[in-house]
Amino acid sequence: MPDPRPASPAPGPAALLPSAFDALPRVAEAAASKRLAVFLDYDGTLTPIAATPELAVLGDHTREVVRRLAAVVSVAVVSGRDLADLVERVALPGIAYAGSHGLEVQHADGARSTVPGASAYLDALARAGDLLEARLREVPGARVERKRFALAAHFRLTPDVRVDEVRAAVAAVAGAVRGLRITGGKRVLELRPDLDWHKGRAVRALADALSSHAPSLPPYPVYLGDDVTDEDAFREVASDGLGVVVGEPQQTAARAHMESVVEVVRWLEALTERIEAPSA
Ligand SMILES: [Mg+2]
């Protein structure tokens with residue numbers, strides 16, 4: 001099937017992008033004239049990056065800000081985490097969740113679905129997990145996280161001089177077990193099912209699902225994220241929405257940027273206030 005997405009915008013450095021605060025009036029206006037949906041990555045976007053994934057806890061204030069936003073506009077949290085883990089951490093009813101980079105989805109009504117074909121990779125992931133654990137046992141600070149539809153090799157606590165051993169181990173396992181591919185993030189490498197699916201396709205599928213409520217209005221998907229896997233989503237929303245990168249990567253397809261998680265929370269609050277009181 002041909003890729004229906006338009007040609008990708010040329011990526012560039014985030015430091016040259018306008019602040020997402022400049023785009024606030026445009027985004028708030030879309031709440032009235034379009035099907036605005038706000039997609040939020042979790043780690044590094046709603047919570048600061050922590051030393052281990054377990055420590056990335058959503059703050060009470062941030063949860064309240066997202067809850068208020070979700071009362072006036074469609075909201076989804078999109079993450080590489082397992083769906084169950086993500087739902088437990090965010091703990092807000094009535095919003096959508098996409099876990100495993102979109103392979104598993106929980107819609108706002110609570111209904112869950114898995115991308116067809118994903119379950120066929122569970123055996124390969126289990127075998128790869130055994131191999132990877134054996135290979136990384138001797139590397140200090142390296143840890144294998146077995147997620148439902150991915151294996152993560154975390155090396156945030158690994159000395160820099162040993163990081164190449166983690167990369168080599170992941171590459172060796174990817175070569176030994178068919179059907180998996182390597183993706184990267186901040187001090188993590190992942191082995192995932194080699195399916196043509198990513199956060200961008202998950203965002204489009206969720207945005208399309210919203211159209212059943214207001215089919216006559218054009219979509220306006222806004223995506224906030226901070227990492228390499230978010231670039232697929234930035235490319236996806238470039239034609240009809242807005243991608244906002246958190247931080248300052250050298251190459252990004254986002255069209256606006258924010259400095260930090262603190263700014264994300266302020267931006268979401270400001271957006272909510274503008275939508276609640278459009279004339280203010
Ligand atoms: Mg992230």
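Here are some notes on this predicted model, point by point.

1. **Ground rules.** Numbering starts from 1 along each chain as its sequence is written. Since the model is predicted, local features need pLDDT of at least 70 and side-chain atom pairs count only at pLDDT 80 or more, while totals for chains, interfaces and linings use all residues.

2. **Two domains.** The domain assignment splits the protein into domain 1 (14-115 + 197-276) and domain 2 (118-193); such bounds come from an automatic or database domain assignment. Between the C-alpha centres of domain 1 and domain 2 there are 27 Å.

3. **Where the domains touch.** On the domain 1 side, 16 residues are in contact with 16 residues of domain 2, contact being C-beta atoms, placed from the backbone, that lie within 7 Å. The touching side of domain 1 is made up of six nonpolar, seven polar and three charged residues. Here Ala, Val, Leu, Ile, Met, Phe, Trp, Tyr, Cys and Pro count as nonpolar, Asp, Glu, Lys and Arg as charged, and the others, Gly among them, as polar.

4. **The largest core.** The largest nonpolar core has 57 residues, and Phe39, Ala76, Tyr97 and Val244 touch the most other members. A core of this kind is a set of buried Ala, Val, Leu, Ile, Met, Phe, Trp, Tyr and Cys residues joined through C-beta atoms within 7 Å. Buried means 20 or more other C-beta atoms within 10 Å of the residue's own, exposed means 12 or fewer, and partly exposed is in between, with C-beta atoms placed from the backbone. The top contributor to this core is helix H8 (residues 261-276), with six residues; helices (H or I, at least four residues) and strands (E, at least two) are DSSP runs, numbered from the N terminus.

5. **Val244 and a separate core.** Beyond its neighbours within four places in sequence, Val244 is in contact with Ala20, Val222, Tyr223, Leu224, Ala254, Ala256, His257 and Met258. Another core, of 26 residues, lies apart from the largest one and includes Ala150, Phe155, Ala169 and Val170.

6. **Helix H4.** Do the numbers for this helix add up? The end C-alpha atoms of H4 (residues 122-136) are 21 Å apart, which agrees with the 21 Å expected for 15 residues at 1.5 Å a residue; the expected span is 1.5 Å times one less than the number of residues. Buried in H4 are Leu125, Ala128, Leu132, Arg135 and Leu136. These buried residues lie on the same side of H4 because they cover an arc of only 90° around the axis, the arc being that of the directions from the helix axis to the C-beta atoms. Asp123, Ala126 and Ala134 are exposed on the other side of H4. Against the buried residues of H4 pack strand E6 (143-147), strand E7 (150-154), helix H5 (163-176), strand E8 (180-185) and strand E9 (188-193).

7. **Leu122.** This residue lies in H4 and counts as exposed, because it has 12 C-beta neighbours inside 10 Å. Leu122 and Pro193 are 71 residues apart along the chain, with 8.7 Å between their C-alpha atoms.

8. **Helix H1.** In H1 (residues 24-33) the buried residues are Val27, Ala28, Ala30 and Ala31. Their arc around the axis is only 150°, so they sit on the same side of H1. Pro25, Arg26, Ala32 and Ser33 are exposed on the face turned away from that buried side. The cover over the buried residues of H1 includes strand E1 (35-41), strand E10 (219-225), strand E11 (242-246) and H8.

9. **Helix H3.** Leu83, Leu86, Val87, Arg89 and Val90 are buried in H3 (residues 83-90). They share the same side of H3, because their arc around the axis is only 165°. Strand E2 (74-78), E3 and E4 are included in what covers them. After H3 comes Ala91, with a positive phi near 55°.

10. **Two backbone angles worth a look.** Ser100 is in the loop between strand E3 (96-99) and strand E4 (104-106), and its phi is near 50°, positive although the residue is not glycine. Ser100 is buried, because 25 other C-beta atoms lie within 10 Å. His101 is in the loop between E3 and E4, with a positive phi near 55°. With 28 C-beta neighbours inside 10 Å, His101 counts as buried.

How values were computed. Contact = placed C-beta atoms within 7 Å.
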